[in-house]
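Hello,

Here is the structure I promised to pass on to you. Have a look at it first, and then read my notes below at your leisure.

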Amino acid sequence: MDKIILCIALFILFPVTLDAQNIVVKLKPDADFRNKQIVSVMERNLAKVLTEINSAQKEKRPLNLNNMPMNDFAKNGLRMLWANVFFYCDDEYVVDRLWNFSDNYMARSIPIIITPEGEDFGSGTFQEAVVEFDHEGQISDFRFAMDAAVGESMEQGGDIVDIERRMQILAYCDRFKTAYNTKDISFLEQVFSEDALIITGKVVTVRNGDMNPRQGVVYNKQTKSQYLNNLRRAFARNKWIEVKFSQIGEHGEGNREQAVTRSTENPNIYGVRLRQEWNSSNYSDVGYVFLLWDFSDEQHPVIHIRTWQPEYLDSTKSKIISRDELFGIDDFVK
C-alpha cells in the first residue's frame, strides 16, 4: 500500500506525458548574433507548440492553443491547417537555422508529416513548416513552406533583390500557397488588389483545313471577383486541396539569379514565377504561375497579376509551353 501511495504522489508532483514525446528544438542563428536569451525563448516556445501538435495528432483531437506562446494570427493559421488535415513533427530533436530580420525571426525547415484519414492526400505526406517569431520570441506565424529547393533558390537569388526582401517575398508566397491548402478565401481577398488581373490557360485541340489536329493554349482573363467566386466553388467541391511550388525563377531551378525580378521603373514591383502542382480530391494539374507583387505597402503587399499556363498536354505529357512563352515581368511592366 505504501508503494502505491508513493507512486501516486510522484505522479502528482512530477506528471509524465504519456501521449507524445516532448520535442527539443535547437535554433542556430548566424555567428554574429549575440542575443542568446531570445534564442532560448524561441526554442522553448516552438518546442511547446510542436509537442502539443504531436499530442493532438496522436489523440486525434483538436489543438489546445489557449496557453500557447503564439499571437492570435499564428493560432488562427495553425487551426486552419489543422482543420484541413492532421499532421505531426517528424523529429523529436529539431535543428533549424534561425533567420534574423529587422522586424522578426524565422525558422523555415520544421519537418512535418501529414496524416490524412480515410483518403489519400495529394502527392505525398512530407511537408516543411515555416515558423515566425516576434522580437519577444512569441510565435507570430505558422504555415507550410514551399519546396526546399524553392526556398534555397529564393535565399541565394543573386543581387537583384537584397536577401531580406527576397525572404519577405518568399514568406508571402508561402502564405499564398497555404491559403489554397486551407481554403482561406479571406487571405486571398486581401492579397489580390481590387483591380487584379487573373489569366488562366487551357489546352484545346484545333483542326486546320488539312484535318491535322493540333493542340494549343487558349487564355481566359478574369477579374478578382470572378476568380474568387470560381475558387469558392472549387473549395466547396474538394474535400482537400494541396498546392505545391516546386520550382522558381525566370529560367527554372538552374538559374538562381532570376529567382525574383524587379521592375526597372518601380522598385516596389516584383515578379516571381513558380511551377505549381495542384492536387485535390477530384482534380489535378501542373503548370506555371507568375505573380506580380506590389510592396509599396510593406505590411500589406498585394498581387496585381496572377497567370497560369499548362506545362503538359494532357494526353501525351509532352511540354506544350516553351520557356520563351512563359509569362514574366517584362510582359506586364518595365
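A word on terms before the pockets: a pocket here is an open set of grid points where a 1.4 Å probe fits, with protein on both sides within 12 Å along at least five of seven lines. Its volume is the space filled by probe spheres set on those points. Please also keep in mind that this is a predicted model.

**The two pockets**

The largest pocket has a volume of about 960 Å³. Its lining is made by 37 residues, and those nearest the centre are Phe73, Asp141, Tyr172, Arg175 and Phe187. If you want to find the walls on screen, the elements that give two or more residues to this lining are α3 (72-84), β6 (126-133), β7 (139-144), α5 (163-181) and α6 (185-191). Which of them gives the most? That is α5, with nine residues. Sorted by class, the lining of the largest pocket holds 14 nonpolar, twelve polar and eleven charged residues.

The second largest pocket comes to about 540 Å³ in volume. It is lined by 22 residues, with Thr200, Gln222, Tyr227, Tyr283 and Asp285 closest to its centre. At least two lining residues each come from β8 (192-207), β9 (213-222), α7 (224-237), β12 (269-280) and β14 (302-310). Here α7 supplies the largest share, six residues. The class count for the lining of the second largest pocket is eight nonpolar, nine polar and five charged residues.

**Salt bridges**

How many salt bridges does a search of the whole structure find? The total is 13. Three of the pairs are described here.

Start with Arg108 and Asp174, whose side chains meet in a salt bridge at 2.7 Å, N to O. Arg108 sits in strand β5 (residues 105-114) and Asp174 in helix α5, so this pair ties together parts that are 66 residues apart in sequence. Both Arg108 and Asp174 are buried, a word that stands for under 20% relative accessible area. The two also belong to a network of salt bridges that links Arg108, Glu132, Asp141, Arg143, Asp174 and Arg175. You have met two members of that network already: Asp141 and Arg175 are among the residues nearest the centre of the largest pocket.

Next come Arg97 and Asp30, with their closest N and O atoms 3.2 Å apart. This bridge, too, links distant parts of the chain: Arg97 is in strand β3 (residues 93-97) and Asp30 is in the loop between β1 and α2, 67 residues away. Arg97 has a relative accessibility of 36%, so this residue counts as partly exposed. Asp30 is likewise partly exposed because its relative accessible area is 37%.

The third pair is Arg61 with Glu59, where the closest N and O atoms are 2.5 Å apart. Arg61 is partly exposed at 22% relative accessible area, and Glu59 is partly exposed at 38%.

**Backbone and surface**

Two lysines have a positive phi. For Lys60 the angle is near 55 degrees, a positive value in a residue other than glycine. Lys60 is found in the loop between α2 (36-59) and α3. Is Lys60 buried or exposed? With a relative accessible area of 56%, Lys60 is exposed. The other residue is Lys183, with phi near 60 degrees, in the loop between α5 and α6. Lys183 is partly exposed, at 24% relative accessible area.

On the surface, Val24, Tyr93 and Val95 make a nonpolar patch of about 280 Å². Val24 belongs to strand β1 (residues 24-28). A relative accessible area of 41% makes Val24 partly exposed, and it passes the cut-off for a patch residue, which is over 30%.

One last spot to look at is Ala145, in the loop between β7 and α4 (148-155). Ala145 has 3% relative accessibility, so it counts as buried. From Ala145 to Val131 the distance is 9.2 Å, C-alpha to C-alpha, and the two are 14 residues apart in sequence.

Happy browsing, and all the best

Terms used
Residues numbered from 1 in each chain as written. Predicted model: local features only at pLDDT ≥ 70, side-chain atom pairs only at ≥ 80, totals over all residues. Heavy atoms only, no water. Patch = residues over 30% accessible without salt bridge, like charges linked within 9 Å, V, L, I, M, F, W, Y side chains within 5 Å. Areas by Shrake-Rupley, 256 points an atom, 1.4 Å probe, with all protein chains shown as cover. Salt bridge = Lys/Arg side-chain N within 4 Å of Asp/Glu carboxyl O. Helix = DSSP H or I, 4+ residues; strand = E, 2+ residues; numbered from the N terminus. Buried < 20%, exposed > 50% of the residue type's maximum accessible area, 1.4 Å probe, protein only. 1 Å grid on protein atoms, 1.4 Å probe; cavity = no way out; pocket = protein on both sides within 12 Å on 5 of 7 lines; lining within 4 Å. Nonpolar A, V, L, I, M, F, W, Y, C, P; charged D, E, K, R; others polar.
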